[in-house]
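Biologist: Hi! Could you walk me through this one? I'm new to reading structures, so plain words please.
Modeller: Happy to. Let's bring it up and start.

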Amino acid sequence: MAKAVDRAIRTGEHLLVQAGTGTGKSLAYLVPALLVDGPVVVSTATLALQSQLVTGDLPRLADAVEPVLGRRPTFALVKGRAHYLCKAKLESSNADEPDLFQQDDAPKWLGQAGKLGQQVTRIREWAETTVEGDRDELDPGVDDTAWRSVSMPARECIGAQKCQFGHECFAEASRERARAADIVVTNHSLLAFDSFAGRHILPEHDVLIIDEAHELADRVTSATQAELTTSAMDVAGRRARQHIDASAYERLVEASDALAVALADARPGRLESLHGQLREALTIVDAACRHAIDGIGDIKNDDPSAVDKQPAKVNLAAITETAQRLLEEAAHDVAWVEKDDRGNRRALVVAPLSVAGTLTETLYPERVVIASSATLALGGEFKAVARSLGLPPADAKPEAGLKWTSLDVGSPFDYPKQGILYVAAHIPRPTMSGLSDGAADELVELVGAIGGRTLGLFSSRKAAERAAEVVRARTDLPVLLQGEESLPLLVKRFKAEPETCLFGVMSLWQGVDVPGDACQLVVIDRLPFPRPDEPLSAARSAAIDAEGGSGFAAVSVPHAAVRLAQGAGRLIRTLGDKGVVAVLDSRLHTQRSYGPYLRKSLPPFWYTTDPAVVRQALKRLGTS
């Protein structure tokens with residue numbers, strides 16, 4: 001892999017490389033990156049991998065190569081501006097009365113307000129000694145509400161030139177350090193914002209390495225998604241109130257009320273067209289926000305209220321931009337009404353139908369892109385992931401700057417000897433939400449055979465809760481259920497007590513690393529296809545169907561392949577691990593159209609559909 005990365009850097013040819021757990025892929029891309037003249041940017045999807053790079057891999061690598069290079073390589077971590085303490089915001093905030101009305105927060109009762117005030121006071125004390133102003137340095141940490149009262153999102157910042165604290169800004173200092181570093185580590189969301197903003201956030205670079213690349217398209221979609229809520233309107237109105245006249249503020253209140261009424265009456269789900277109350281409410285919102293923006297006026301460099309005016313103006317601008325985007329009903333956007341199960345949170349959401357074209361235009365020009373992940377070759381091929389990342393088909397005539405190659409470096413694990421893939425083909429295919437009786441019976445048999453040691457990955461909270469209820473009722477095994485305690489505490493206990501089972505939903509599919517005999521059975525209740533009523537996936541499928549293709553094959557199956565591979569990847573983490581991945585969904589075996597594709601997306605475990613064989617194997621593991 002290191003040789004392939006080095007060759008891509010030298011030839012200017014983009015590279016997709018699949019490298020599973022245990023291959024050392026971080027070192028494989030970092031070593032050739034150190035030979036590049038100028039910064040190399042490494043983007044990751046998770047905080048865990050960022051931490052692994054800057055606290056583990058990079059320091060060890062720097063120690064190792066210093067005698068070879070004749071100098072010690074440097075590296076820096078770049079986060080979003082909101083991760084850093086803002087001295088201007090701190091100066092303007094009140095430690096006794098922090099802003100308790102941030103977006104999507106309900107007003108706090110008196111005891112909470114007092115706690116928040118204490119937290120802001122502690123932040124003020126920490127501010128006197130901190131060198132980097134990074135939130136992660138603050139130990140113990142503080143609530144998000146307290147931190148928001150002393151930090152500044154990028155879109156609300158007035159800029160270092162206008163700010164009286166610009167010369168001592170922690171966020172600007174972090175970017176300055178990054179410009180002088182050999183390796184710059186960031187995250188997919190910030191990478192997306194940097195690409196859309198003309199690459200002014202990250203330092204200039206010729207090589208971009210994207211780790212966990214299977215997550216990039218979703219993160220870019222999130223970065224280009226916008227939503228409109230009444231709480232956002234209320235926050236914007238409160239922030240703008242002191243800078244506008246009474247009539248302008250009243251118009252904002254009336255617009256918020258109109259939006260609340262329209263959302264209350266709207267049915268959740270995709271909006272094929274915008275009409276009636278929703279269109280009328282959006283028109284009122286747009287006009288009221290524009291009027292308020294005019295009322296705030298231009299913000300001059302010497303304006304003493306600039307730190308308060310800028311966020312107020314930016315919030316209003318964001319709302320009117322979202323309202324106009326929704327009213328436009330562009331063919332390249334998808335809009336829907338979102339409501340939680342209790343109906344408390346209502347939102348109008350708009351997102352791009354596809355980000356592939358955006359990535360083609362913003363990700364690849366004037367730099368070499370190395371995209372790596374443990375799950376890039378779906379169904380044994382790279383074409384699905386390449387398409388989602390905005391790359392042309394491998395056999396197509398290469399566009400300027402978009403020539404790419406791929407590599408699967410294999411694995412150090414002997415999967416056929418270390419693991420079994422068992423599909424419960426005798427169970428009827430799942431038809432309802434939750435866990436079927438047949439799947440529940442099979443789960444109890446499997447868990448009982450091994451005596452705990454089970455990570456259960458479920459498609460819904462309802463299914464996970466029923467699984468926990470059934471196993472607790474029919475066995476004496478302790479069951480840990482996501483949501484009953486914090487996830488780090490649950491995982492810590494799962495690692496320490498081999499007789500336990502840990503059941504949960506999507507965050508467990510990717511975020512748990514439990515090597516050894518504490519996790520020897522991974523149970524997946526059903527194939528992780530997107531829900532049919534999920535607006536964005538449904539719209540993307542419909543668009544492909546309309547062009548004569550198969551939306552299910554192009555959207556739903558690759559989505560399931562990635563998630564299934566991520567889930568199955570929880571089993572074998574080291575050379576000594578052994579165990580079983582059990583899928584309680586017969587379609588993985590019986591469906592000829594996509595079953596083989598999904599199985600080829602998984603590690604090459606020994607495969608069986610025989611319940612007796614797998615139970616005997618589990619019993620042997622449980623007594624070994």
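Biologist: What is the volume of the second largest cavity?
Modeller: The second largest cavity comes out at about 60 Å³. Keep in mind that this is a predicted model.

Biologist: Which residues line the second largest cavity?
Modeller: Its lining includes Ile-427, Pro-428, Pro-430, Gly-434 and Leu-435. Asp-525, Arg-526 and Leu-584 are also among the lining residues. By class, the lining has six nonpolar, two polar and two charged residues.

Biologist: And how many cavities are there in the whole structure?
Modeller: The search finds five cavities of 30 Å³ or more. The largest cavity has a volume of about 200 Å³. There are 20 residues lining the largest cavity, and the closest to its centre are Arg-81, Cys-86, Cys-157, Cys-163 and Cys-169.

Biologist: Which elements give two or more residues to that lining?
Modeller: Those are helix 4 (87–92) and helix 7 (170–179). Helix 7 has the largest share, with three residues.

Biologist: How does the lining of the largest cavity divide by class?
Modeller: It divides into 14 nonpolar, two polar and four charged residues.

Biologist: New topic: sheets. In what order do the seven strands of the open sheet come?
Modeller: The order is 14-15-13-16-17-12-18, with parallel pairing. Strand 14 (479–481) and strand 18 (606–608) stand at the edges with a single partner strand each, so one side of each has no neighbour in the sheet. From one strand to the next, the twist averages 15°.

Biologist: What holds strands together in general?
Modeller: Strands of a sheet pair through backbone hydrogen bonds, and the pairing is either parallel or antiparallel.

Biologist: How many bridges pair strand 16 with strand 17?
Modeller: Strand 16 (residues 521–524) and strand 17 (residues 579–583) pair over four bridges, in the parallel sense. To pick out one spot, Val-523 has Ala-582 in strand 17 as its bridge partner.

Biologist: Which strands does helix 17 lie across?
Modeller: Helix 17 (residues 437–450) lies across strand 12, strand 13, strand 15, strand 16 and strand 17. Helix 17 runs at about 175° to strand 16. Helix 18 (residues 461–474) lies across strand 14 and strand 15, running at about 160° to strand 14.

Biologist: Now strand 5: are its residues Val-207 to Ile-210 buried or exposed?
Modeller: They are all buried. Val-207 and Ile-209 point one way, while Leu-208 and Ile-210 point the other way. That fits a general pattern: in a regular strand the side chains alternate between the two faces of the sheet.

Biologist: What does strand 5 pair with?
Modeller: Four bridges join strand 5 to strand 2 (residues 40–44), and these two run parallel. Here Val-41 stands opposite Leu-208. Strand 5 also pairs in the parallel sense with strand 10 (residues 368–373), again over four bridges. In that pairing, Val-207 stands opposite Val-368.

Biologist: Last thing, backbone angles. Where does Glu-329 lie, and what is its phi?
Modeller: Glu-329 lies in the loop between helix 13 (306–328) and strand 8 (333–339). Its phi is positive, about 55°, although Glu-329 is not a glycine. Most residues other than glycine have a negative phi.

Biologist: And what about the phi of Glu-366?
Modeller: Glu-366 has a positive phi too, of about 65°. Glu-366 is found in the loop between helix 14 (356–362) and strand 10.

Biologist: Are these two buried or exposed?
Modeller: Glu-329 counts as partly exposed because its relative accessibility is 37%. Glu-366 is exposed, with a relative accessible area of 73%.

Methods: Residues numbered from 1 in each chain as written. Predicted model: local features only at pLDDT ≥ 70, side-chain atom pairs only at ≥ 80, totals over all residues. Heavy atoms only, no water. Pairing = 2+ DSSP bridges. Axes fitted to C-alpha atoms, helices over the stretch in contact; angles between N-to-C directions. Contact = heavy atoms within 4.5 Å. Buried < 20%, exposed > 50% of the residue type's maximum accessible area, 1.4 Å probe, protein only. 1 Å grid on protein atoms, 1.4 Å probe; cavity = no way out; pocket = protein on both sides within 12 Å on 5 of 7 lines; lining within 4 Å. Points joined across faces, edges and corners; volume = space filled by probe spheres on them. Nonpolar A, V, L, I, M, F, W, Y, C, P; charged D, E, K, R; others polar.
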